[in-house]
Amino acid sequence: MKRILVALAFLLSLCAGAQKITKKSAKRPDFMLVIHGGAGNILKKNMTPELEAAYQRGLQSALQAGYAVLERGGTALDAVEATVRVLEDDSLFNAGRGAVFTNEGRNELDAAIMDGATLKAGSVASVTTIRNPVTAARAVMEKTEHVMLIGPGAEKFAQQQGLDIVDPSYFYTARAWRALQRAKALDSAQVQQREGAGNPKQEALLRQPGNRDNKYGTVGAVALDKAGNLAAATSTGGMTNKKFGRVGDAPIIGAGTFASNATCAISCTGWGEFFIRLSVARSVSDLMEYKGWTVQKAADELIQKKVPALGGDGGLIALDKNGNFTMSFNTPGMYRGYIGPDGKGVVKIYKD
């Protein structure tokens, strides 16, 4: 019996040793790219097969653009810019062409980019003529001593840098214009309800579950390159029917966008006011750095607990320095995807 116990103990020690060796030999992937195209009331029952296929193609195109950069040894910074440019040029997404309209019927665009290796960052806000705001954000980071430029000043700078300047009509889509009309009708119904009008049609409009969708719509990418560097980029048209020069979290470093090689790269999407109040992107990084949490646990703490507790919702993508990533969201859906060294892009839309 004693010999049997000794033999069992020896076998157990071998197994434990094998587990330790397996864990040690696990290494990060050569590179990784994760993207999102916005979170919100995205339900399969509201999606036609044709539209769903179009979204999938758009996400795959963006993934392949970033993959091409990373596969040839390009930087994470180049990869996230290239990826987000594809999404900005795709009229399906609320960034660049296809961006939503303000209350005044304008497209006001915001974008940010951050380099995890240097902690350098750049952003633009409320621009109306820059075809690819993410490229303007990178120019701010690399060509100025500033982090954020806004409005006409940002546009003048972009023009001086030789960036692609377009007429504001370039950003127009009928789909986004119709969304503005619906949002304005909702505004009117809310005002009349407060004044006691009690119109049944207006009350039905107020109850529509999709009404919160005017709070969402952002695109973003996070990447880890072969050198082990991280980067993040985010771009958006903001909120449908926004007024008074409103700016959300996307171009605010630490709120909607953040990257540090010490922890992770993050891009957020959702009701921006809540992401600003909680400094969501930086908070995820801080939980990892100071509490030693995993990227999944840190992201879920903000997206599944902190943001909903205040009344907000949305999601984020986050990628850590070891290639681990999360696509956490608390809405019915989020356009999202990822791709690694095998070149096989995976895209998802609804909650699994």
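User: Before we start, what counts as buried, exposed or partly exposed here?
Analyst: Buried means under 20% relative accessible area, exposed means over 50%, and partly exposed is in between. By that cut-off Arg282 is partly exposed, because its relative accessible area is 32%. Keep in mind that this is a predicted model.

User: OK. Which side chain does Arg282 meet in a salt bridge?
Analyst: Asp286, at 2.8 Å from N to O. Asp286 is partly exposed too, with 24% relative accessibility.

User: Where do those two sit?
Analyst: In helix α9 (residues 280-291), 4 residues apart, so about one helical turn separates Asp286 and Arg282.

User: And Arg138, which residue does that pair with in helix α4?
Analyst: Glu142, with the closest N and O atoms 3.0 Å apart. They're 4 residues apart in α4 (residues 133-143), about one turn of the helix. Arg138 is buried at 13% relative accessibility, whereas Glu142 is partly exposed at 45%. Both belong to a salt-bridge network that also links Asp78 and Glu81.

User: How many salt bridges are there?
Analyst: The count is 10.

User: Switching to strands: is β10 largely enclosed or open?
Analyst: Largely enclosed by the rest of the structure, because 4 of the 5 residues in β10 (residues 325-329) are buried.

User: How does β9 run relative to β10?
Analyst: Antiparallel, with 5 bridges joining β9 (residues 314-320) to β10. One bridge pairs Leu319 with Phe325. The two strands make a hairpin with 4 residues between them, and Gly323 in the turn has a positive phi of about 90°.

User: What about the chain overall?
Analyst: There are 10 helices and 12 strands, and 52% of the 352 residues count as buried.

Technical notes:
Residues are numbered from 1 along each chain as its sequence is written. This is a predicted model: local features need pLDDT of at least 70, side-chain atom pairs count only at pLDDT 80 or more; totals for chains, interfaces and linings use all residues. Side-chain values use heavy atoms; hydrogens and water are left out. Buried means under 20% relative accessible area, exposed over 50%, partly exposed in between (1.4 Å probe, protein chains only). Two strands pair if DSSP finds at least two bridges between them. A salt bridge is a side-chain nitrogen of Lys or Arg within 4 Å of a carboxyl oxygen of Asp or Glu.
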